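Colleague: I'm new to this, so please pick one part of this model and take me through it slowly. I'd like to hear about how helices pack against each other.

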Amino acid sequence: MTGASGDPVLAIDIGGTKMAAAVVDPDGRVAAYDRIPTPNRPGTDAGGLWAALDALLDKLLADAGAPRLAGVGAGCGGPMTWPAAEVSPINMPAWRGFPLRDRLRARHPGLPVRVHNDAVCVAVGEHWRGAGRGHGNVLGMVVSTGVGGGLVLGGRLIDGGTGNAGHIGHVIVDPEGPPCGCGGRGCLEAVARGPGLAAWAREQGWRREQDGDPTGADLAEDARRGHPVAAAAMRRAGHALGVAIASATHLCDLDVVAVGGGVSQAGAPLFDPLMDAFRLHARMEFARRLRIVPAALGQTSGLVGAAALVHAGARYWSAD
């Protein structure tokens, strides 16, 4: 049954590390939440990934008392066709052209189902209920395994021609810089993504006593503790972010940039060099009014943004 305007939305956040889901009220409150590790093991096929998500949603809704829903909103890593949401996440090889929106529609017949890029959902969440609330022109960024973003101008989400507007991860910050997974060179993502930073730090002698490969979040933690190589890696990332953000606000005349993701948890070791680089490159007076802040909603920003695709669709959903 289609829910009324006061009913919650089933929100979903799908990535290569975790699948998360929540029941989100119209005011953005997360009323119920659950998550599982993404079953990304070798040999997992498309059906196995869907079965894991399906079971997560069944459990969440049962634990929440089977609420009547206003709709379903989802964020998923890309690339994807949009708005059809046939998804091919780079870090989920079992899904190539997987019809995520159609599967969710079949699971919840009669409900609106809206799917966007996961970084776009983070940007929407921060604009709707987070660090960008009350501002008309906001760039939301995720600096984690990759670097992505979403763009709100004039109080409305900007989709662009293919749903990829705001993808700041592929702004060029160093034309002679490292190669990027997109095939280019010197993209912000190539410099500032967590795994790339960790690899650079290991080349400089950074080590951690732990099982498995250390991550960008581990590097951020060591930078906060004063490890010199980790701190140098954060300066490298912060400089690249500051250059990219200066370019973005010169183009879009932004009010707020909200930076989230695991790497952003470094705090001052990242944000201090970011602000230094921004002040160096943001020379136009209108650009210097920009506020650059950590994302306010933490782990739930993508879920809150996915819910807003339904709860506040007049601002954040243009496709149908």
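Modeller: Let's start with H3 and H9, which are roughly perpendicular to each other; the word covers angles from 65 to 115 degrees. Keep in mind that this is a predicted model, where local features need pLDDT of at least 70 and side-chain atom pairs count only at pLDDT 80 or more, while totals for chains, interfaces and linings use all residues. Residues are numbered from 1 along each chain as its sequence is written, and side-chain values use heavy atoms, with hydrogens and water left out.

Helices here are DSSP runs (H or I) of at least four residues, strands (E) are runs of at least two, and both are numbered from the N terminus. H3 takes in residues 118-129 and H9 residues 301-311; their axes cross at roughly 80° and come within 7 Å. An axis is a line fitted to C-alpha atoms over the stretch in contact, and the angle, from 0 to 180 degrees, is taken between N-to-C directions. Contact just means heavy atoms within 4.5 Å. On the H3 side, the residues touching are Cys121, Val122, Val124, Gly125, Glu126, Trp128 and Arg129, and they meet Ser301, Gly302, Val304, Gly305, Ala306, Ala308, Leu309 and His311 of H9. Sorted by class, that contact has eight nonpolar, five polar and two charged residues. Nonpolar covers Ala, Val, Leu, Ile, Met, Phe, Trp, Tyr, Cys and Pro, charged covers Asp, Glu, Lys and Arg, and the others, Gly among them, go down as polar.

Next, look at H7 (residues 228-252) and H8 (residues 268-281), whose axes lie 7 Å apart at an angle of about 40°. That angle makes H7 oblique to H8, since oblique is what's left once angles under 35 degrees (roughly parallel), over 145 (roughly antiparallel) and the perpendicular ones are taken out. The crossing of H7 and H8 is right-handed: the near helix is turned clockwise from the far one by less than a right angle. H7 brings a long list to this contact, including Met234, Leu241, Ile245 and His250, while H8 supplies Pro269, Leu270, Pro273, Leu274, Ala277, Phe278 and His281. The split is 12 nonpolar, six polar and one charged.

H7 turns up again at the second largest pocket, where it gives the most to the lining, with five residues. A pocket is an open set of points on a 1 Å grid over the protein atoms alone where a 1.4 Å probe fits, with protein on both sides within 12 Å along at least five of seven lines; lining residues have an atom within 4 Å of a point. Among the lining residues are Leu139, His167, Ala244, Ser247 and Leu251. Eight of the lining residues are nonpolar, three are polar and none is charged.

One more pair: H1 (residues 46-63) and H2 (residues 100-107) have axes that come within 12 Å and cross at roughly 40°. So H1 is oblique to H2, and their crossing is right-handed. Trp50, Leu53, Asp54, Leu57, Asp58 and Leu61 of H1 face Leu100, Arg103, Leu104 and Arg107 of H2. This contact counts six nonpolar and four charged residues, with no polar ones.

Just past that pair's first partner, have a look at Ala66, in the loop between H1 and E4. Ala66 isn't a glycine, yet its phi is positive, about 50°.
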